[in-house]
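Open the model in your viewer and keep the selection panel at hand. This tour goes from a pocket to a sheet.

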Amino acid sequence: MIEKIENIELAFLTINDYQELKEAMIEAYVHMPNSYWKESHIEALIAKFPEGQVVIKINDQLAGCALSIIVDYDKFDDHHTYKEITGNYTFNTHHPKGDVLYGIDVFIKSEYRGLRLGRRLYDYRKELSEKLNLRGIAFGGRIPNYHKFSDTLSPKEYIEKVRRKEIHDPVLNFQISNDFHPSKVLKGYLEGDEASNEYAVLLEWDNVYYEKKSTKAAIKKKVVRLGLIQWQMRLYKNLVELMQQAEYFVDAVSAYRSDFALFPEFFNAPLMADNNHLSESEAIRELARHTPEIVKKFTELAISYNINIITGSMPELKDDLLYNVGYLCKRDGSTERYEKLHVTPDEAKVWGLQGGNELRTFDTDSGKIGVLICYDSEFPELSRLLADEGMDILFIPFLTDTQNGYSRVRHCAQARAIENECYVAIAGSVGNLPKVHNMDIQFAQSMVFTPCDFSFPVNGIKAEATTNTEMILIADVDIDLLRELNQFGSVRNLKDRRTDIFELKKVAARKNNKS
C-alpha cells in the first residue's frame with residue numbers, strides 16, 4: 001500500500017490516461033494474458049458514454065478504473081456472455097435510452113488495495129444509475145477462486161458457501177458487501193477466464209428510486225403531505241350542519257396543500273341523537289341512511305379542494321346486514337370502498353355489526369395506501385398482506401372511549417409502521433355525546449408513525465396532536481426513504497422474513513349466508 005496520500009480524485013477517463021490504464025489492466029489480469037482493452041476500445045467507450053467511464057487517481061497516478069455502458073436489458077437473454085453484452089467488444093450494444101447500467105470492467109491496482117477504493121467506484125455507478133433514472137446495475141462477476149473447488153462443488157454450491165462465509169472469494173465477497181445480489185450463474189461467460197472455469201455470477205443492484213416513464217401529465221409525488229382531523233364530537237342539528245363542519249376541516253388541511261385528509265371512525269355518530277329514543281341497533285341503522293349522501297358530499301369536496309379524502313367510517317346496510325365501512329374519495333373524482341373486517345364484541349352485541357370481507361390496497365396519485373379501521377389495526381396479518389401489495393402509507397381511522405382502548409390502537413399502529421416499513425397515520429375523535437347511547441365519551445391523540453431507523457425520528461413519531469383537543473395535524477412523509485430503508489436499513493423486516501418456514505396469504509372471500 002502507498003505510504004503517503006496527498007490527494008484522491010475521482011475523474012472521468014480520458015484517452016490521455018490510456019497508457020497508465022493499459023499497464024494497470026495487464027497487472028490486474030496477470031493470469032489472463034492480452035486481456036487488456038486496446039486504445040480503440042477505450043476511445044469508443046468514451047465517445048459513446050463518457051459519464052460511464054471513470055478512474056480514481058491518487059497523487060495524480062491512476063489507481064483504479066470502472067467502465068460501463070447502458071443497455072436495453074430486455075433484449076438480452078439472462079444467460080448472455082460477455083461477448084454478447086459488449087456487441088463483440090464493439091460496445092454497439094450501448095443504448096442511451098436503455099434501462100440498465102451494465103458493468104464492463106472494474107479493477108484497483110494492487111498497491112492501492114485495502115483503501116476501499118472499489119467502493120467509491122461502485123458508489124459512483126449507483127449515483128449515476130439514480131441520476132439517469134435507470135432500473136439498476138448488472139454485470140457478470142468473476143469467481144476467481146472457483147477453480148480450487150470445481151472438482152467437488154457446483155457453481156451454485158460454491159456461491160452459497162461464499163455467501164455463508166465458508167469460502168473466501170475476493171471478487172464475489174466484495175460485490176455482495178456492496179449490496180449486489182447474485183441472480184444467475186452464467187456458463188461460458190468470459191473466454192479464457194480459467195480461474196473461474198469461465199463461469200460468472202450475474203450480479204444485480206436495484207435502483208429503489210427508479211420511476212417508469214409515464215405518458216400522463218402528472219408528477220409522481222415523493223414527499224406526501226398528510227392532514228389528520230382530530231374531530232370534536234358535538235351535537236348537530238342535521239346532516240347539512242355536520243357536513244359544513246367536515247368541509248371546514250377539509251378546507252383547513254387543503255389550505256396547507258395536503259394530499260390526504262383523514263377523518264375518524266364514526267365521525268357522523270352525533271346524528272344518532274335524533275334517534276336516541278330508539279334502541280342502539282335501530283338508531284345506528286337509521287344513521288346508515290345518511291351514508292350515501294355523505295359519500296356524495298365528500299366526493300364533491302375531494303374534487304373542489306383538490307385533495308384525497310379518507311372518510312373515516314360510517315355504518316352501511318348491504319343485503320339488510322350492517323357493516324362499518326369507509327370511502328376513499330380521490331381528487332380525480334373516483335371513489336373506493338373499504339370495510340372493517342373485525343368488529344369488537346361491543347359492536348356486535350350492541351349494534352349488530354358484521355365483519356367485512358375485502359382487504360386491499362389503493363393506488364393514488366401520492367402512492368399506494370391501505371386503510372384499516374380501528375380494531376383491524378390490532379391484527380398484524382392484515383397490514384402485512386397490504387405491505388406485500390406495496391403499501392406505502394397505512395391510514396387508521398379509530399374511535400376509542402377510554403385510554404386503555406386508545407393505547408391498544410396507538411401501540412399496535414406504531415408496531416405496524418416498524419414491521420411493514422411504512423408510514424402509519426391514525427385519527428380519532430374527542431369530546432362526548434351525552435345524548436347518544438353507547439357513544440358517551442371519546443379519548444384520542446392523532447399521530448403519524450414512521451419506521452425506526454437513522455432516516456426517521458428516533459422514537460418513530462413524525463407528528464402528534466394534543467390529547468383530547470379538537471385540531472388538525474399536518475405532516476410530510478418521504479416515500480423515497482421507505483425504498484432506501486427496504487434495501488439498506490439497519491434491519492429489513494420485509495426482506496428478512498423466513499418464508500421458507502411460514503407463509504401468509506389471503507383466502508377466497510366468504511359470502512354471508514342469509515337464513
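Begin with strand S4, which gives the lining of the largest pocket its largest share, six residues. This is a predicted model. Select residues 100–108 to show S4.

Next, turn to the pocket itself. Its volume is about 1500 Å³. In total, 49 residues line the pocket. Select Tyr29, Asp105, Val106, Phe107 and Arg142: these lining residues are the closest to the pocket centre.

Now add the other elements that give two or more residues to this lining:

- helix H1, residues 18–28
- helix H4, residues 117–131
- strand S5, residues 136–142
- helix H6, residues 170–177

Colour the lining by class. What do you get? Of the lining residues, 25 are nonpolar, 14 are polar and ten are charged.

Leave the pocket and go to the sheet. How many strands does this open sheet have, and in what order? There are six, ordered S15-S16-S17-S18-S21-S22. Their pairing is mixed. Select 362–364 for S15 and 461–464 for S22. These are the edge strands, and each pairs on one side only. Look along the sheet: from one strand to the next, the twist averages 20°.

Last stop: the S21–S22 pair. Select residues 447–449 for strand S21. In which sense do S21 and S22 pair? They are antiparallel, with three bridges between them. Finish on phenylalanine 449, then pick isoleucine 461 in S22, which stands opposite.

Conventions. Residues are numbered from 1 along each chain as its sequence is written. This is a predicted model: local features need pLDDT of at least 70, side-chain atom pairs count only at pLDDT 80 or more; totals for chains, interfaces and linings use all residues. Side-chain values use heavy atoms; hydrogens and water are left out. On a 1 Å grid over the protein atoms alone, a cavity is a set of points where a 1.4 Å probe fits but cannot get out, and a pocket is an open set with protein on both sides within 12 Å along at least five of seven lines; lining residues have an atom within 4 Å of a point. Grid points are joined across faces, edges and corners, and a volume is the space filled by probe spheres set on the points. Helices (H or I, at least four residues) and strands (E, at least two) are DSSP runs, numbered from the N terminus. Ala, Val, Leu, Ile, Met, Phe, Trp, Tyr, Cys and Pro count as nonpolar, Asp, Glu, Lys and Arg as charged, and the others, Gly among them, as polar. Two strands pair if DSSP finds at least two bridges between them. Axes are lines fitted to C-alpha atoms, for helices over the stretch in contact, and angles run from 0 to 180 degrees between N-to-C directions.
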